[in-house]
Amino acid sequence: MDGNFDHVVGEFTAKLSELNIETPISLKNTNEGILLCNNALYHLKTIVEKNGFKTIEDEIHFFKRVKVEPLSLLVYFNEVRSCQLHMPKLGSRNKLEFLRKKMGRVNKFFHRYSDFVHYMDQDLCYLDKQYFTRSHQVFPLYALPESSYLDPKFFTSHDMLWARIKGMNHYIIYIRNLVKQIKQQSADPHCNQKRTKSMEWTASKVALIELLYAIHETQVINNGKDDIKTMGQFFEQLFGVQLGNIYKTYSEIKARKGTRARFLEELIERFNNKMDQDDAF
């Protein structure tokens, strides 16, 4: 891959990782995700217009593997945003019926393009020159509403369809998780309310990140099978706090002078003092 493409995709992936895009994703994060995707596509388009491609293989690789990453997530974020804006506000039954219709539309899409889905799922390549080069360009089978990506220098007959297939695969997971959450809340409508009312982190976010890393390293939750990002998202939901970039905060903790694990040492000190005080009576 062209080094310039690497830089754009790498920066896009890094910024995307800072967003909490797990279900349920907030409308704010959905909008930020759309902006990130559009920005990455703009920069990729600029590079293609300026440099072109050295070989047919490079061109195929770009439209099949590179451009599809931000473009598929743009599809995903747009679908999620539409779902968020039009979802019924009240009634589990109304919400589930709404999502049932969404799932029906997704199924029709995959049925309509089943041959191409099969081609891509099998990782075939004998039609790549036809599908992913501009020399065989016709108006794409599927076009995003954003007309800026219909520049003849920046699309092939099937790259947008491929992006939509990948984006809809992400969207399927989103819908499934949403259905599961709605059913759980319907079965016990008070469980989520009890949890959010009873748990609120009132110390600093840095302190919570210290605790997060310590728990992760001791592997006392799920035997350490979850990565630090997953655990961070759980802490955010549990305590109703946004931790931001936990990796950057961890680097700042490591760079401290003197005592680095300040909050953890404070916990030890206070716990020992508590036991000493209790022993005194």
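This is a short tour of a predicted model, stop by stop.

**Whole chain**

Start with the full protein chain in cartoon view. It has 13 helices and zero strands. Read along the sequence, the pattern is α-α-α-α-α-α-α-α-α-α-α-α-α. Switch on a surface. The accessible surface comes to about 17100 Å², and 53% of that belongs to carbon and sulfur atoms. Of the 281 residues, 38% are buried. Now consider contacts between residues at least 6 apart in sequence: 70% of them join residues at least 24 apart.

**Stop 1: α2 against α4**

Select residues 27-51 for helix α2 and residues 68-86 for helix α4. Their axes lie 9 Å apart, at an angle of about 155 degrees. Angles over 145 degrees count as roughly antiparallel, so α2 and α4 fall in that class. The crossing of α2 past α4 is left-handed.

Show side chains at the contact. On the α2 side, pick Leu27, Thr30, Asn31, Gly33, Ile34, Cys37, Asn38, Ala40, Leu41 and Leu44. On the α4 side, pick Pro70, Leu71, Leu73, Leu74, Phe77, Asn78, Val80, Arg81, Gln84 and Leu85. Colour this contact by class: it has 13 nonpolar, six polar and one charged residues.

**Stop 2: Ile34**

Stay in helix α2 and centre on Ile34. Is Ile34 buried or exposed? Its relative accessible area is 12%, so Ile34 is buried; the cut-off is under 20%. Leave aside neighbours within four places in sequence. Ile34 is then in contact with Leu74, Phe77, Asn78 and Arg81. Draw a C-alpha to C-alpha distance from Ile34 to Arg81. The two are 9.3 Å apart in space and 47 residues apart in sequence.

**Stop 3: α4 against α8**

Keep α4 on screen and add α8, residues 159-187. How far apart are the axes of α4 and α8? They are 7 Å apart, at an angle of about 45 degrees. That makes α4 and α8 oblique to each other. The crossing of α4 past α8 is right-handed.

Select the α4 side of the contact: Val68, Glu69, Leu71, Ser72, Leu73, Val75, Tyr76, Glu79, Val80, Cys83 and Gln84. Then add the α8 side: Asp159, Met160, Trp162, Ala163, Arg164, Lys166, Gly167, Met168, His170, Tyr171, Tyr174 and Leu178. By class, the residues here divide into 14 nonpolar, four polar and five charged.

Leu71 in α4 meets α8 here, and Leu71 is also listed in the contact with α2. Leu73, Val80 and Gln84 also take part in the contact with α8 and in the contact with α2.

**Stop 4: α6 against α8**

Hold α8 and select α6, residues 114-121. The axes are 11 Å apart, and the angle is about 80 degrees. Angles from 65 to 115 degrees count as roughly perpendicular, so that term describes α6 and α8. Phe116, Val117 and Met120 of α6 make the contact with Leu161, Trp162 and Ile165 of α8. The residues of this contact divide into six nonpolar, no polar and no charged. Trp162 of α8 is in contact with α6 here, and Trp162 also appears in the contact with α4.

**Stop 5: two loop residues**

Finish with backbone torsions. Asp123 sits in the loop between α6 and α7 (128-131). Asp123 is not a glycine, yet its phi is positive, about 55 degrees.

Move on to Asn223, in the loop between α10 (205-218) and α11 (228-239). Asn223 also has a positive phi of about 55 degrees without being a glycine. Asn223 is exposed, with a relative accessible area of 59%.

Terms used: Residues numbered from 1 in each chain as written. Heavy atoms only, no water. Axes fitted to C-alpha atoms, helices over the stretch in contact; angles between N-to-C directions. Helix = DSSP H or I, 4+ residues; strand = E, 2+ residues; numbered from the N terminus. Parallel < 35°, antiparallel > 145°, perpendicular 65-115°, else oblique. Left-handed = near helix turned anticlockwise from the far one by under 90°. Contact = heavy atoms within 4.5 Å. Nonpolar A, V, L, I, M, F, W, Y, C, P; charged D, E, K, R; others polar. Buried < 20%, exposed > 50% of the residue type's maximum accessible area, 1.4 Å probe, protein only. Areas by Shrake-Rupley, 256 points an atom, 1.4 Å probe, with all protein chains shown as cover.
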